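Student: I should like to learn how to read the features of a structure that is new to me. May we take them one at a time?

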Amino acid sequence: MKETVLDRLLRYVKIDTQSDENSQTYPSTAKQFDLLNLLVKELKEIGASDVSIDKNGYVMATIPSNLPAPPEKGKSPVPTIGFISHVDTSPSASGTNVKPQVIEYKGGDVVLPGDPSIVLRVSENPELKRNIGKKIVTTDGTTLLGADDKAGLAIIMTTAQTLLNDSKIPHGAIRICFTPDEEVGAGTKYLDIKKLGADVAYTVDGDTPGELNKETFSANSAVITVHGRNIHPGSAKNIMVNSLRCMADVIARMPKDMSPETTEGYEPYIHPHTLKGEEEKTVLNILLRDFDTSGLDLLEKKLKSIIAEVQPLHPRARIELEVKETYRNMKEGVLKDPRITECMWEATKRSGMEPKWVPIRGGTDGSKLTAMGLPCPNIFTGGQNYHGKTEWASVWGMEKSVETCLNLVRVWVEKSR
Ligand SMILES: [Zn+2]
């Protein structure tokens, strides 16, 4: 029996797979295996080949090519395409006892039954409009939904089953990969890209239908440390150097028009996010983000000039700056072979959608994989409002994503000839 993408989503979201950023194990929570092992079983049931799971939880499988091998005379081999999604859900909201509801959406705000203070508002959800008269999936208001990225799992599984059942869609070899721990930044930590063996991959982990991502921020992290001197406040005159006061002067000089809360689109930012300190020593962690990697140098220069300005105000404090690379914009790697983005654009159009490139103001597993040598842009899933109780998914959007994945493998065959 052929299951729909909705059937699958509803089954997967009921399995608690929340990851944990404070864990020392890999995957960060053992319960992620509940879903990873289920996916292994389901991949075998639908007839995928080489189904495997390793000790870190990475699930892989193959849908063999249905093209003549070796390629017909004058035709080049079609690249092996990977589809990737993650099983874990965000630590920012509970993923225990998720009660998905399928609603025939008729318009207007949607009050969630488990907590009437949680409302999907039309004013905050422009995507609701496109779903009038269609089915959407919401939570009951007490947990997240987990469409991020169980919609991706459901879309890839449905795509796989369709390809295995319908020999009329020509496609090269396809590799499937499901990962743990994406939400805690470790989705690719032990991912063996040689074993995956794809020439190009697509994460199915976006949101709004039609939106495609080939660009992420380039990211550095900076740490400013101020060393002061502590002594009992009663006898502190001319001896104490309060590192907190010095750091306050540093933070006050950070440009307010260059912060996450005042920027969007391609605008860069400097974001102080964690501050720990006492008189003796204060440490500030900062995110530096720019789509243009060379722009990160300018952000670092800005920090240096702030420090140069503050230092004379606190001559006995010592201010240190350390900057480290976090991840890089995937654009360069993804554009090495123009077919990678051309095919996803064309596939989206053929699904009756208006494709649109949207820059991701963050990193993805795809940006890490691209840096590792496997170009990996991102495809929409139809989910919205990730990481919170107002998360919802458009069934139509998920179906469009399946259609896009099916078109994608077909377009790759055409573009390779
Ligand atoms: Zn995700």
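Student: How many aromatic pairs does the structure hold?

Tutor: This is a predicted model, and it holds seven aromatic pairs. One of them joins Phe217 and Tyr269 edge-to-face, with 5.4 Å centre to centre and 80° between the planes.

Student: Where in the chain do Phe217 and Tyr269 lie?

Tutor: Phe217 is in the loop between β10 (211–213) and β11 (218–227), while Tyr269 is in strand β12 (residues 269–277), so their pairing ties together parts 52 residues apart in sequence. Phe217 is buried at a relative accessible area of 0%, and Tyr269 counts as buried at 9%.

A further edge-to-face pair is that of Tyr266 and Phe291, at 5.0 Å centre to centre and 65° between the planes. Tyr266 is in the loop between α5 (243–252) and β12, and Phe291 is in the loop between β13 (281–290) and α6 (295–310), 25 residues away. Tyr266 is partly exposed, with a relative accessible area of 47%, whereas Phe291 is buried at 7%. Ring pairs link Phe217, Tyr266, Tyr269 and Phe291 into a cluster.

Student: Which residue lies over the face of Trp396?

Tutor: That residue is Lys134, at 4.6 Å from the ring centre.

Student: Is helix α1 mostly covered or mostly open?

Tutor: Helix α1 (residues 5–13) is mostly covered, with seven of its nine residues buried. Among them are Val5, Leu6, Arg8 and Tyr12. The elements covering these buried residues include α2 (32–45), α3 (147–165) and α10 (395–415), together with strands such as β4 (101–104) and β7 (135–138).

Student: Which protein atoms are the donors of the zinc ion?

Tutor: The donors are NE2 of His86, an OD atom of Asp148 and two entries for OD of Asp205, lying 1.9 to 2.6 Å from the ion. Along the chain, their spacing is H-x61-D-x56-D. Asp148 belongs to helix α3 and Asp205 to the loop between β9 (200–204) and β10, so the two tie together parts 57 residues apart in sequence. Both Asp148 and Asp205 are buried.

Student: Why is the arrangement around the zinc ion irregular?

Tutor: A tetrahedral site needs all angles between 85 and 135 degrees. The four donor atoms here subtend angles of 52 to 146°, and the arrangement is therefore irregular.

Student: How many disulfides does a search of the whole structure find?

Tutor: The search finds zero disulfides. For Cys177, the closest cysteine sulfur is that of Cys376, and the 9.4 Å between the sulfurs is too far for a bond. Cys177 is buried, with a relative accessible area of 0%, and Cys246 is also buried, at 0%.

Student: What should one look for in the backbone?

Tutor: Most peptide bonds are trans, and most residues other than glycine have a negative phi. In this model, the peptide bond from Tyr26 to Pro27 is cis, with omega near -10°, and Pro27 lies in the loop between α1 and α2. A cis peptide bond also joins Asp148 and Asp149, with omega about 10°; Asp149 is in helix α3.

Student: What is phi of Asp50, and what is phi of His387?

Tutor: Asp50 has a positive phi, near 50°. This residue lies in strand β1 (residues 49–53) and is exposed at 53% relative accessibility. His387 has a positive phi near 75° and lies in the loop between β17 (383–384) and β18. At 32% relative accessibility, His387 is partly exposed.

Note on methods:
Residues are numbered from 1 along each chain as its sequence is written. This is a predicted model: local features need pLDDT of at least 70, side-chain atom pairs count only at pLDDT 80 or more; totals for chains, interfaces and linings use all residues. Side-chain values use heavy atoms; hydrogens and water are left out. Rings of Phe, Tyr and Trp (its six-membered ring) pair if their centres lie within 6.5 Å; planes under 30 degrees apart count as stacked, over 60 as edge-to-face and the rest as tilted. Helices (H or I, at least four residues) and strands (E, at least two) are DSSP runs, numbered from the N terminus. Buried means under 20% relative accessible area, exposed over 50%, partly exposed in between (1.4 Å probe, protein chains only). A charge sits over a ring if NZ of Lys or CZ of Arg is within 6 Å of the ring centre and within 35 degrees of the ring normal. Contact means heavy atoms within 4.5 Å. Donors are N, O and S atoms within 2.8 Å of the metal (3.2 Å for Na, K and Ca); water is not among the atoms, so sites may look incomplete. Four donors count as tetrahedral if all angles lie between 85 and 135 degrees; four count as square planar and six as octahedral if opposite donors are over 155 degrees apart and all others between 65 and 115; anything else is irregular. A disulfide is a pair of cysteine sulfur atoms within 2.5 Å.
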